[in-house]
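Charged side chains are the topic of this short report. Have the sequence and the structure at hand as you read.

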Amino acid sequence: MLINDKVAVVTGAAGGIGAAVARRLLEAGARGVLLTDLDGTRLDATVRELAAEHGERVAGRAADAADTEDLSALLALAEERFGPVDLYFANAGIGGGAGLDASEEEWSRALDVNVMAHVRAAKLLVPGWVERGEGYFFTTASAAGLLTQIGSATYSVSKHAAVAFAEWLSVTYGDQGVRVSCLCPQGVETELLMAGTRSADPTERAAARAVLDSGELLQPLDVADRVVEAVADERFLVLPHPQVLDFYRHKGADYDRWLRGMRRYQKAVR
């Protein structure tokens, strides 16, 4: 799909990968980009910065990407300002280092934001895309969705589910004009990751250290470049860290060996 003259919505766009993706979409000629995030203050600052360069092709609205009413309002605003939404970037996500001690509320929130937000957005968008014969759903998951995160059960499980839902969307609607990509980065210098290094929770610190020790720490704009390339190529799996594919192949080739290795690695980072 060509980004030029297309309309996009990016969630979790106050900073990090989301803000970087919005910037690259605008630079690629998008007709309009609507940014959204729960953090209205940071979102407003990002929108002002982008609008200074790209004018009225940028809009923003604070919202909960996991809330159906908020999603409906976002899509309506995007259509009012720019036209029907062509690309949806489900980038909002939450971390956390909880394991078996995670509360029901923590499980519910992780699944709500990291998975059900995608499901609810797809329910609103995909029927129209099928009717039009074109649309693009871009999921931000994580390498943890392929390889599992040291320490965090809620993050690992929800990101695995995000990958699975993206796969299902592609299998089910890929022949009806709906394109799907799934971004699975490892270490990216975002507030979500860096907050883990400062956490008082040793499990969260171990999870962050595992990511930082596993390979190169990329900048959000580097990841956004891979995102734009993937849209142009209509490529499903987007791996800004090439070693993730090697790890994934090793996992599939010998699951028991991979699990033993992960247990050794877990001891090393704690």
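What follows is a tour of salt bridges and of one patch of charge. The model is predicted.

**Salt bridges**

Side chains of opposite charge can pair when their charged atoms come close. How many salt bridges does a search of the whole structure find? The search finds twelve. Three of the pairs are set out below.

| Positive partner | Negative partner | N to O |
|---|---|---|
| Arginine 31 | Aspartate 5 | 3.3 Å |
| Arginine 23 | Glutamate 53 | 2.8 Å |
| Arginine 235 | Aspartate 233 | 2.9 Å |

Take arginine 31 and aspartate 5, which form a salt bridge. This pair links distant parts of the chain, 26 residues apart. Arginine 31 sits in the loop between α1 (16–27) and β2 (32–37). Aspartate 5 belongs to the segment before β1 (7–10). Arginine 31 has a relative accessible area of 33%, so it counts as partly exposed. Aspartate 5 is partly exposed too, at 43% relative accessibility.

Next come arginine 23 and glutamate 53, whose side chains meet in a salt bridge. Which helices hold the two partners? Arginine 23 lies in helix α1, and glutamate 53 lies in helix α2 (residues 40–54). The pair therefore ties together parts that are 30 residues apart in sequence. Is arginine 23 buried or exposed? Its relative accessibility is 14%, and buried means under 20%, so arginine 23 counts as buried. Glutamate 53, at 47%, counts as partly exposed.

The third pair is aspartate 233 with arginine 235, again a salt bridge between side chains. Aspartate 233 reaches 52% relative accessibility. Exposed means over 50%, so aspartate 233 counts as exposed. Arginine 235 has 31% relative accessibility and counts as partly exposed.

Salt bridges can also share partners, as one group here shows. Asp64, Arg109, Asp112 and Arg120 are joined in this way into one network.

**A patch of positive charge**

Now turn to the surface. Which residues gather there in a patch of positive charge? They are Arg257, Arg260, Arg263, Arg264 and Lys267. One of them, arginine 263, is found in helix α11 (residues 255–269). Arginine 263 has a relative accessibility of 48%. That value is not over 50%, so arginine 263 counts as partly exposed.

**In brief**

Arginine 23 and glutamate 53 join two helices, α1 and α2. Arginine 31 and aspartate 5 link distant parts of the chain. Arginine 263 belongs to the positive patch on the surface.

How values were computed. Residues numbered from 1 in each chain as written. Predicted model: local features only at pLDDT ≥ 70, side-chain atom pairs only at ≥ 80, totals over all residues. Heavy atoms only, no water. Salt bridge = Lys/Arg side-chain N within 4 Å of Asp/Glu carboxyl O. Helix = DSSP H or I, 4+ residues; strand = E, 2+ residues; numbered from the N terminus. Buried < 20%, exposed > 50% of the residue type's maximum accessible area, 1.4 Å probe, protein only. Patch = residues over 30% accessible without salt bridge, like charges linked within 9 Å, V, L, I, M, F, W, Y side chains within 5 Å. Areas by Shrake-Rupley, 256 points an atom, 1.4 Å probe, with all protein chains shown as cover. Lys, Arg positive; Asp, Glu negative; His and termini not counted. Charge placed at Lys NZ, Arg CZ, Asp CG, Glu CD.
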